[in-house]
Amino acid sequence: MKALCDIILASTSSLWACKETENGARIRTTCVFPSFEPVFVYVAKLGDGFVVHDAGETVAVIMANGQDGDPAKRVIRSECKRYDVAFGERQISLKIDAAEWLETAIVAVANTAAAAARNALKDNSKRAERNLADVIFQLLEPKLAKGTITKSFPYLGESGRRYKFDLAVQGKDHLTLIETVTPHAISVNSKYVALADVPPESAKKIVAHNNDLSQEDILLLQNVAIVAGPSGVMDLVAGSRIQH
Amino acid sequence: MGKGDKDRLCAEIDEFLRVRKSLSGVQPVWRPNGRLDRLDAKWPIEEEGGVSRAHLAFRYNRVSTNQPSVSLIYERKKVCRVDVKPPDEYDGNPPQARKFGLPAKVYGTHIHRWEHNREYVLECLPPDEWDIPIKEEISKSTQILGHILALICDHCGIEFTAEQRDLNPPSREDLFG
């Protein structure tokens with residue numbers, strides 16, 4: 001029988017695989033971006049030392065998720081401080097003088113790339129949720145009685161956890177809670193948890209999205225709420241389907 | 001914790017390390033903590049006027065009993081730590097360790113000194129995070145609880161008596177009870 005370590009080493013041989021490219025030697029690390037794609041880092045000779053960098057892939061991943069400009073750079077710079085890593089216009093890098101520091105530098109650049117992408121995406125997702133909540137608020141407010149719609153509505157879940165729902169509409173004898181969701185796992189998962197903690201008899205629950213959720217996410221969220229785009233939310237709340 | 005609060009706390013720690021202080025009371029009581037193979041103990045540190053804001057936190061592994069660890073904790077924040085490790089095992093240093101001339105890989109027993117980590121805590125981590133990852137190798141002869149107690153006390157200016165120094169490891173009944 002094979003020893004456990006032999007099985008593990010045989011099945012994980014692609015980790016830390018190294019390949020020469022025009023950017024330098026490319027190493028597949030054990031860190032991952034939020035999409036679960038591996039973080040690759042590149043090592044190039046620089047005089048007697050080395051430069052370890054991400055070839056701009058972190059910025060590319062963040063851009064591909066709809067984030068750009070100063071907010072993304074701010075998030076990356078903040079993560080770079082943790083491991084003494086530099087950030088130029090597009091590239092995360094660390095210069096080292098000796099091979100002794102290669103392992104540290106590879107780990108530092110890879111972890112910085114993964115953390116920066118995760119935080120930038122979180123930031124982007126939150127901002128997109130806020131923007132959608134603002135749009136829905138502006139659409140609904142003129143159609144409802146004064147003071148019935150509220151932003152950031154505090155609510156005590158059945159578990160005892162406290163939540164802030166993006167929007168709430170308080171009718172004479174019932175409450176509608178609206179959560180805005182973007183097509184990212186962080187957004188879908190956190191909103192699912194909040195809505196699942198509200199018993200159906202306590203409030204009508206609506207997930208609002210920009211008509212950009214996947215079928216799987218819609219089906220998942222349907223377990224805890226009605227799922228609708230902005231016009232659907234208008235119809236549900238200001239129309240005749242839910243009375244206020 | 002905001003940046004200003006962290007600044008103030010770091011300055012308080014600098015002052016705490018300067019003032020006269022001593023281990024308070026008899027030897028600490030070892031208690032199982034979470035994992036079955038782990039015993040922890042806390043030993044309060046007393047400043048002049050009976051003020052007590054810090055303690056030493058000991059960790060002792062029931063299985064690999066040759067790897068005890070002790071940390072100086074000030075108001076729930078780690079300030080200094082000594083870890084006993086086998087000489088062939090290493091822990092990595094973050095890149096910031098280069099400015100102190102420390103190696104990338106630290107083999108065996110080591111100390112996390114406040115003076116090496118203060119800037120890291122204050123400038124490299126977000127305001128709500130705290131850790132002291134920069135470490136320096138120390139003598140391989142530092143292996144037992146009494147040694148690491150004396151080392152951290154000497155390093156952080158904590159006075160202790162000969163009786164206190166004779167720190168007893170958990171008894172066999174504690175280890176296998």
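Visitor: Which residues of α5(A) are buried?

Guide: This is a predicted model. In it, the buried residues of α5(A) are S187(A), V188(A), K191(A), A194(A) and L195(A). The cut-off for that word is 20 or more other C-beta atoms within 10 Å.

Visitor: What puts them on the same side of α5(A)?

Guide: The arc does. The buried residues cover only 135° around the axis, so they share one side of α5(A).

Visitor: What covers the buried residues of α5(A)?

Guide: The cover includes α4 (102–140), β8, β9, β10 and α6 (215–221) of chain A. Helix α5 (residues 185–196) of chain A lies across β8, β9 and β10 (204–208) of that chain. Its direction is at about 165° to β9(A).

Visitor: How do you know that the span of α5(A) agrees with its 12 residues?

Guide: Set one value against the other. The rule is 1.5 Å times one less than the number of residues. For the 12 residues of α5(A) the expected span is 16 Å. The end C-alpha atoms are 16 Å apart, so the two agree.

Visitor: What is the strand order in the open sheet of 5 strands?

Guide: The order is β7-β8-β9-β10-β11 (chain A), and the pairing is mixed. From one strand to the next, the twist averages 40°.

Visitor: Why do β7 and β11 of chain A count as edges?

Guide: Count partners. β7 (149–156) and β11 (226–228) of chain A each have a single partner strand, so one side of each lacks a neighbour in the sheet.

Visitor: What makes β8 and β9 of chain A a pair?

Guide: The cut-off is at least two bridges. Strand β8 (residues 162–170) of chain A and strand β9 (residues 175–180) of chain A have 4, in the antiparallel sense. One bridge sets V169(A) opposite T176(A) in β9(A).

Visitor: Which strands make up the open sheet of 6 strands?

Guide: In order, β1-β2-β3-β4-β6-β5 (chain A), with antiparallel pairing. The edges are β1 and β5 (86–87) of chain A, because each has a single partner strand.

Visitor: How many residues join β1(A) to β2(A) in the hairpin?

Guide: The hairpin uses 2 residues. Strand β1 (residues 18–21) of chain A meets strand β2 (residues 24–32) of chain A antiparallel, over 4 bridges. T21(A) has G24(A) as its bridge partner in β2(A).

Visitor: What lies between β2(A) and β3(A)?

Guide: This hairpin has 5 residues between the strands. In the turn, F36(A) has a positive phi of about 70°. β2(A) runs antiparallel to strand β3 (residues 38–46) of chain A, with 5 bridges. R28(A) is partnered by F40(A) in β3(A).

Visitor: How many bridges pair β4 with β6 of chain A?

Guide: There are 4, in the antiparallel sense, between strand β4 (residues 49–53) and strand β6 (residues 92–96) of chain A. F50(A) stands opposite I96(A) in β6(A).

Visitor: Why is E136(B) called partly exposed?

Guide: Buried needs 20 or more neighbours, and exposed needs 12 or fewer. E136(B) has 16 C-beta neighbours inside 10 Å, so it counts as partly exposed. The residue lies in strand β10 (residues 136–137) of chain B.

Visitor: Which residues does E136(B) touch, not counting residues up to four places away in sequence?

Guide: E136(B) touches L102(B), V106(B), H110(B), I111(B), R113(B) and H116(B).

Visitor: How many residues does each chain bring to the contact between chain A and chain B?

Guide: Chain B brings 11 residues and chain A brings 13. The chain B side divides into 7 nonpolar, 3 polar and 1 charged.

How values were computed:
Residues numbered from 1 in each chain as written. Chains lettered and ligands numbered in written order. Predicted model: local features only at pLDDT ≥ 70, side-chain atom pairs only at ≥ 80, totals over all residues. Axes fitted to C-alpha atoms, helices over the stretch in contact; angles between N-to-C directions. Contact = placed C-beta atoms within 7 Å. Nonpolar A, V, L, I, M, F, W, Y, C, P; charged D, E, K, R; others polar. Arc of directions from axis to C-beta.
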